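Here are my notes for anyone opening this model for the first time. Have the structure up on screen while you read.

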Amino acid sequence: SVEKALLKLYGDRVLVEVVNPITDTDKALLMKNVEKNYNTGVKNTPGLYKLGYQLSDNRQVSKMMDGALILALTSSLKEVIKNFKPQAILNTNEMFNSAVGSALDQLDMHMPYFTVVTDFADVHALWFSNEPDVYFLASDWVRVRALENEMKAEKLVVSGIPVDPIYEEPINSKTRLRRKLRIEPNLPTFLIVGGERVKNVLETVEALEQLEHDFQVVAIAGGNDRLFLDLVKLKPKFPLHVHHFLSNMPEWLRASDVLITKAGGLILSEGLAAGLPILIIHYLPGQEEGNVRYVLSHQAGALPANTGEMIATLDYWLKDDAKGLKITAQAAKLLGKPHAASQVAEALW
């Protein structure tokens, strides 16, 4: 998103490289296994993941973790930095904060170094270290966490999480956009976003049979092969459009009326930037619980306890000429930060 904003604002005057030092070099062999096993761990043992998250979420433990990450990642980061020779660095992962600083010190290179924090509330202490010059934060709630973790106030900017800069542009016509995407132009549209770590998608689509309104569903498997195959077998009474994976998510979000998904910081940011009420059907324990609280406390969505509550919520939103939906959409729009990527891009420039 920030790359798109930089190119939109500055064109061929800027060169951007997006890189994962763990997978894009052959140095961080230990971390490759950590990254590979992450999805499996949070899916199969969520209780253990939550326990580990909570036990490590303090300054003392995070400083020890930083030391281990510096040892594991500095070599990869030095290779990336030497090859590209950047004039500025933007980090979007808590594991790299101190390691980037270590790599720059060892290379005797000095340049602006920024970090974007990609959750709304319960941000792990590992995100915060002294090396970055500026932190771009998702919310005022994260600013409180940063101050609790000994960050200097002058380093903190509440920008929102960067999303595609297309969200800055007004939507002239959802009807026209839906026609372009080849879905029903005049039906209320629910966008369900799944993936490898998203539970309850199939059950959600099946339960929508109980909803006594006219609507259509766009269900995205997010690269989950099993989910995709299960979804295409369904023959519901409502129009159902199933996709395995999409590269034009902003168009689909802007064409929709409700976002149904897990409480990941990035997908929530996109939904809010598109002004969509959000139905949360899953969240990672520990890491994403704060994201749920953030959305609910601002009346921008709901967390149904079961499919019955989900149907009741959607019914409430859609009845009386969709009065409830419009109110919730307005709350989501007020919470969205469509200009965040441009703000970060301008600071980098």
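The points below go through the sheets, the cores and a few backbone oddities.

1. Before anything else, keep in mind that this is a predicted model.

2. Start with the open sheet of six strands, ordered β7-β6-β5-β8-β9-β10, with parallel pairing. Its edges are β7 and β10, each of which pairs on one side only.

3. At the β7 end, β6 (residues 216-220) and β7 (residues 240-243) run parallel and share four bridges. If you want a spot to click on, A219 has V242 in β7 as its bridge partner. Between these strands comes helix α9 (residues 225-232), and together the three make a right-handed β-α-β unit. The helix lies across both β6 and β7, at about 155 degrees to β7.

4. Further into the sheet, β5 (residues 189-193) and β8 (residues 258-262) are parallel and joined by three bridges. Here L191 is paired with L259 of β8. Look also for α13, which lies across β5, β8, β9 and β10 and runs at about 165 degrees to β9.

5. Which residues touch the most other members of the largest nonpolar core? They are F128, L191, M249, L253 and L259, out of 43 residues in that core. Helix α11 (residues 265-273) gives the largest share, with four residues. As a general background point, nonpolar side chains in soluble globular proteins tend to be buried together.

6. L259 deserves a click of its own. Leaving aside neighbours within four places in sequence, its contacts include L191, V193, L253 and I267, along with G271 and the run L276, P277, I278 and L279. A second core, separate from the largest one, has 27 residues, among them A221, L227, L231 and L318.

7. Next, helix α12 (residues 289-297). Its buried residues are G290, N291, V292, Y294 and V295. They pack against α6 (140-148), α11, β9 (278-282), β10 (301-302) and α13 (307-335). After the helix comes Q299, with a positive phi near 55 degrees.

8. Now turn to β1, β2 and β3. Strand β2 (residues 113-116) pairs in the parallel sense with β1 (residues 89-91) over three bridges, and also with β3 (residues 134-137), again parallel and over three bridges. The bridge partner of L90 is F114 in β2, while T115 stands opposite Y135 in β3. Helix α5 (residues 97-107) joins β1 and β2 in a right-handed β-α-β unit.

9. Are the side chains of β2 buried or exposed? Y113 and T115 point one way, F114 and V116 point the other way, and all of them are buried. That fits the general rule that side chains in a regular strand alternate between the two faces of the sheet.

10. Last, two aspartates to check. Most residues other than glycine have a negative phi. D108, in the loop between α5 and β2, has a positive phi near 55 degrees. D321 has a positive value as well, near 60 degrees, and is found within helix α13. Where do their surroundings place them, buried or exposed? D108 counts as exposed because its relative accessible area is 61%, over the 50% cut-off. D321 is exposed too, because its relative accessible area is 63%.

Note on methods:
Residues numbered from 1 in each chain as written. Predicted model: local features only at pLDDT ≥ 70, side-chain atom pairs only at ≥ 80, totals over all residues. Heavy atoms only, no water. Pairing = 2+ DSSP bridges. Right-handed = clockwise from strand over helix to strand, strands pointing away. Core = buried A, V, L, I, M, F, W, Y, C linked by side-chain atoms within 4.5 Å. Buried < 20%, exposed > 50% of the residue type's maximum accessible area, 1.4 Å probe, protein only. Contact = heavy atoms within 4.5 Å. Axes fitted to C-alpha atoms, helices over the stretch in contact; angles between N-to-C directions.
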